[in-house]
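This report goes through some strands, sheets and an enclosed space of one protein model. Please look at the sequence and structure first.

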Amino acid sequence: IGNDRSEPVTVLGPDGMTPLQGIVAVAAGRTHSLALRDDGTLWAWGYAAHGQLGGNQGMGAGFTGTDPVGSPIHYVPFAVPVYGLPNFVAVAAGDAHSLALDTNSMVFAWGHNQWGALGDGTSDNRWMPSPVLHPSGGVLFGISVIGAGHFHSLAANASGDLYAWGKNEYGALGDMNHPIDASLPTAVLDESGQQITNIVDVDGGYQHSIALDSSGTVFVWGDNYWGQLGNDTMDKTLSHDQQTQDFATALTGTTVGVLPNQDIDAFPAVDVDAGADHSLVVTGSDQSPGCNSIFSFGWGTLGQNGNGQASERDYVPVESTQSLIGHRITSVSAMGSHSVLLSAWEPYGGCGSAPPGTPGVGSVHTWGDNRLGQLGIGEGSGLPPCTLGLQSVACETTTNLVLALSNAVALPN
């Protein structure tokens, strides 16, 4: 269909020549991408067969190719507008479905809906954005935060009350009702059966979820087979479907790595995100005021936990390597088996110690699976071979160390 890229390239608009500009937010699904412009319009590109681009591209328009086994597929190799009103303020992308939040605090969904991830009470795919419904009737309204797992969706209202819907095989909905899927939003519950609240950020992985509340507390629930809940107390001899938790609990306990004495909840968290089977948490740090620590846990065979070990399962949160000490980390993201973070500036002797008037210099750091060029580090980087288990691979194919792209972002102090 197209050429994989190992270095960042410019996304083009519908004419295939003009760069897509004015972007304020982006979201990456497994095989499609979304971008929100400053005028409130939403744009999409990539695989289209399930309707995840929000138009008629999956019904014969766009481009047609074949997958590795010869089956026809539909795709769009440049950005096209998502059908709907130009009033979106946030976006999220799952495996093959998309979510958007509009200025009226309503959630719209489209794409693949086999397990109810669109929240419309059906299992029918949608080619156009459709409002997510409220379980008691009408539409789900008053929403301020949205997130997407591979096959489930999440949203919190202005009070931070959290809802989830979609696939629940391993408890990713946190409704104490797994493995029953939900095609309408259901409350995410804590261990006592009360809906968790004050949520300000949320994301989902393949079969697990992670959320952050206004106090900096992190909540996790769903699949823990690979350690993606940071829970080392479950019986690891149990079958996969029994190493689950279908209610939300606060993430607490010890960590390992650069700062082995820092508990994961010793400082308030500032950002969270979920890969397919690993989780990322950014917290404050005891290095110096203004600095941050980045922790990861879960499946790490492809280096996605960034601690230089490439362990199959990290049940205890591990801190990423020495290369991130002294950084003020502003955001973190994960998709599949790779991770990305943005550092607000390279340190001037300590976080927040840049001389007055000095522009902040940002850098993008990537680690994990790079078999399709996801890390943006190019080919032939000269990195030494890495040993993952019994297999030796090139680090530019799969790296378990944190790498920095050259000062990619300039930010004000």
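A cavity is a set of grid points where a 1.4 Å probe fits but cannot get out, and its lining residues have an atom within 4 Å of such a point. The model examined here is predicted.

**The cavity**

The count comes to one cavity of 30 Å³ or more. The volume of the largest cavity is about 40 Å³. Which residues line the largest cavity? The lining consists of His97, His112, Asn113, Gln114, Trp115, Ala117, His150 and Phe151. By class, three residues of this lining are nonpolar and five are polar, while no charged residues take part.

**Strand β15 and its partners**

Strand β15 covers residues 208-213, and six of its six residues are buried, so the strand is largely enclosed by the rest of the structure. Buried here means under 20% relative accessible area. Both faces of β15 are covered. On one side the buried residues are His208, Ile210 and Leu212, and on the other they are Ser209, Ala211 and Asp213.

β15 is joined antiparallel to strand β14 (residues 199-204) by five bridges. In this pairing, Asp203 stands opposite Ile210 of β15. The two strands form a hairpin, with three residues between them.

Five bridges also join β15 to strand β16 (residues 218-223), again in antiparallel fashion. Leu212 has Val218 in β16 as its bridge partner. β15 and β16 form a hairpin with four residues between them, and Gly216 in the turn has a positive phi of about 95°.

**Two open sheets**

Strands of a sheet pair through backbone hydrogen bonds, either parallel or antiparallel. The table lists two open sheets of this model.

| Strand order | Pairing | Edge strands | Average turn between neighbouring strands, direction ignored |
|---|---|---|---|
| β10-β11-β12-β13 | antiparallel | β10 (143-148) and β13 (182-187) | 20° |
| β18-β19-β20-β21 | antiparallel | β18 (269-274) and β21 (313-319) | 10° |

In the sheet with the order β10-β11-β12-β13, the edge strands β10 and β13 each pair on one side only. Strand β12 (residues 162-166) runs antiparallel to β13, and three bridges join them. One of the residue pairs is Gly166 with Ala182, its bridge partner in β13.

In the sheet with the order β18-β19-β20-β21, the edge strands β18 and β21 likewise each pair on one side only. β18 is joined by five bridges to strand β19 (residues 278-284), and the two run antiparallel. Asp271 stands opposite Val282 in β19.

Methods. Residues are numbered from 1 along each chain as its sequence is written. This is a predicted model: local features need pLDDT of at least 70, side-chain atom pairs count only at pLDDT 80 or more; totals for chains, interfaces and linings use all residues. Side-chain values use heavy atoms; hydrogens and water are left out. Two strands pair if DSSP finds at least two bridges between them. Axes are lines fitted to C-alpha atoms, for helices over the stretch in contact, and angles run from 0 to 180 degrees between N-to-C directions. On a 1 Å grid over the protein atoms alone, a cavity is a set of points where a 1.4 Å probe fits but cannot get out, and a pocket is an open set with protein on both sides within 12 Å along at least five of seven lines; lining residues have an atom within 4 Å of a point. Grid points are joined across faces, edges and corners, and a volume is the space filled by probe spheres set on the points. Ala, Val, Leu, Ile, Met, Phe, Trp, Tyr, Cys and Pro count as nonpolar, Asp, Glu, Lys and Arg as charged, and the others, Gly among them, as polar. Buried means under 20% relative accessible area, exposed over 50%, partly exposed in between (1.4 Å probe, protein chains only).
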